[in-house]
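Work through the following exercises with the coordinates open beside you. Each one sets a task and then gives a solution in steps.

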Amino acid sequence: MIVSVLLSRVSFIHVVISSSTVGVANLGSTNPNIDVDRRQLMASSRVVRQATSSILQTDPTLAGPLLRLAFHDGATREQLSDDLDNSVFVGGPNGSIKYELDWNENRGITRPLQAVEEIYSNIEGLSLADCIALAGAEAVESAGGPSIRIRLGRRDATEADSKKRMRTLHSDTDRSLVDTTLPSAGLDSDGLRLYFGALGLSDEQFVALCGAHDLGRHVTLLGMPKSCLKTLTRECLEAAPVLMPFVSEDPDGFSNTYFKKLIKWNDRKVKLGEVAFIPTDVDLVVDSELRKYVTKFAKNKAAFFSSFTSAYQTIVDAGAPSVGRY
């Protein structure tokens, strides 16, 4: 009910602010100056954030999935040329995630996507991709994390992005091959550097971005019906009865606890059920160069929030043409 009231305000805001909105109302326009009606952008983005916040007040467990949705929509972006002056990019952040629900990496994405699509259906002047990026940022803030402003004006895709990278990346190690547009959970630290480096992130930034695992849960096979265990269809994975948090302490809150637990894991001091890390999590402390950032963020939450903010903006702002952030 609260969300419906918030959404119903958008048309009113649109009329009051400008009867002849220019720029972002038609994202197919060739007009490059989408900041031409800054008040409209501010108003529309504010309504998306307020609607997201209201949803999270009712269901705080949605914060992690909303953040994951934003990352999975944005991280499929790939640069096809090394020539920075004539670079060609393909992929997100572009709302293509709605066509990629059958990817194994996107299990559990349907619920947050439906929530954002409901918000988007009542918004003027923003794309679905804009709404996904805004909802992810608001999920972080609502869960106790930093306030993240982002650029707007993303164009929505009409089909899925490529699941396979056009240009594979690898080093000399066995688990460094990067051949998919979303990261494999089995990558080693070299593979993580290659993957996130291709997205424009420094080592410090991608370690901070991994701190998103402080928030939310991942699918397990516990309690799953035998019929699902035989097939593991998307429907079965979406409806998995038992989800396991990466960090069992406050899985719906955003803090630097993830990094504290990584250090505790590395010192062999974690208790059974305290964490449920995947290989790419423990890469961060096994690799000595990455571990220094884990230590830094474990000791300094403000430093983590700052690096996470810049990392999130780098991922979701790619291709978003607005000058201002909203």
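**Exercise 1.** Establish which residues Leu 128 touches, leaving aside residues up to four places away in sequence, and place Leu 128 in the fold.

*Solution.* In this predicted model, Leu 128 is in contact with Gly 95, Lys 98, Val 116, Glu 117, Tyr 120 and Asp 156, once residues up to four places away in sequence are set aside. Turning to secondary structure, Leu 128 belongs to helix α5, which covers residues 128–142. Its relative accessibility is 3%, and because buried means under 20%, Leu 128 counts as buried. As a last step, take the C-alpha atom of Arg 154, which is 26 residues away along the chain: its separation from the C-alpha atom of Leu 128 is 8.3 Å.

**Exercise 2.** Decide whether Ala 75 is buried or exposed, and whether Ser 176 is buried or exposed, then describe the surroundings of each residue.

*Solution.* Begin with Ala 75, which is located in the loop between α3 (63–74) and β1 (78–79). The relative accessibility of Ala 75 is 1%, so this residue counts as buried. Beyond residues up to four places away in sequence, the contacts of Ala 75 are with Thr 181, Leu 182, Tyr 195, Leu 199 and Ile 315. The C-alpha atom of Gly 92, 17 residues away along the chain, is separated from that of Ala 75 by 6.4 Å.

Continue with Ser 176, in the loop between β3 (164–169) and β4 (178–180). Here the relative accessible area is 0%, and Ser 176 is therefore buried. Among the residues that Ser 176 touches are Leu 169, His 170, Leu 187, Asp 188 and Leu 194. Leu 192, which lies 16 residues from Ser 176 along the chain, has its C-alpha atom 7.5 Å from that of Ser 176.

**Exercise 3.** Classify the ring pair Phe 196 and Phe 206, and describe how the helices α6 and α7 pack.

*Solution.* The chain has 14 aromatic pairs by the ring-centre rule. In the pair of Phe 196 and Phe 206, the ring centres are 5.2 Å apart and the planes make an angle of 10°, so the pair is stacked. Phe 196 lies in helix α6 (residues 189–198) and Phe 206 in helix α7 (residues 203–210), with their positions 10 residues apart, and the pair links distant parts of the chain. Both Phe 196 and Phe 206 are buried.

For the helices themselves, the axes of α6 and α7 are 10 Å apart and the packing angle is about 100°. That makes the two helices, α6 and α7, roughly perpendicular. Where they meet, Leu 192, Arg 193 and Phe 196 from α6 face Asp 203, Phe 206 and Leu 209 from α7.

**Exercise 4.** Carry out the corresponding analysis for the rings of Phe 304 and Phe 308 and for the helices α12 and α13.

*Solution.* The ring centres of Phe 304 and Phe 308 are 6.0 Å apart with planes at 65°, so this pair is edge-to-face. Both residues, Phe 304 and Phe 308, are in helix α13 (residues 301–316), where their four-residue spacing is about one turn of the helix. Phe 304 and Phe 308 are both buried. They also belong to one aromatic cluster, whose other members include Phe 254, Tyr 258, Phe 297 and Tyr 312.

Next, the axes of α12 (residues 288–299) and α13 come within 5 Å and cross at roughly 120°. α12 and α13 are therefore oblique to each other. In their contact, Lys 296, Phe 297 and Lys 299 of α12 meet Lys 301, Ala 303, Phe 304 and Ser 307 of α13.

**Exercise 5.** Find where Arg 268 is placed, and inspect the backbone at Arg 268, Asp 250 and Pro 93.

*Solution.* Arg 268 occupies the loop between α10 and α11 (279–286), and, at 63% relative accessibility, counts as exposed. Its charged end sits over the ring of Trp 265, 4.9 Å from the ring centre. Although Arg 268 is not a glycine, its phi is positive, at about 60°.

Asp 250, likewise not a glycine, has a positive phi of about 55°, and lies in the loop between β6 (243–245) and α10 (257–266). Finally, the peptide bond leading from Gly 92 to Pro 93 is cis, with omega near 5°, and Pro 93 is in the loop between β2 (89–90) and α4 (110–120).

How values were computed
Residues numbered from 1 in each chain as written. Predicted model: local features only at pLDDT ≥ 70, side-chain atom pairs only at ≥ 80, totals over all residues. Heavy atoms only, no water. Phe/Tyr/Trp six-rings, centres within 6.5 Å; stacked < 30°, edge-to-face > 60°. Buried < 20%, exposed > 50% of the residue type's maximum accessible area, 1.4 Å probe, protein only. Lys NZ or Arg CZ within 6 Å of the ring centre and 35° of its normal. Contact = heavy atoms within 4.5 Å. Axes fitted to C-alpha atoms, helices over the stretch in contact; angles between N-to-C directions. Parallel < 35°, antiparallel > 145°, perpendicular 65-115°, else oblique.
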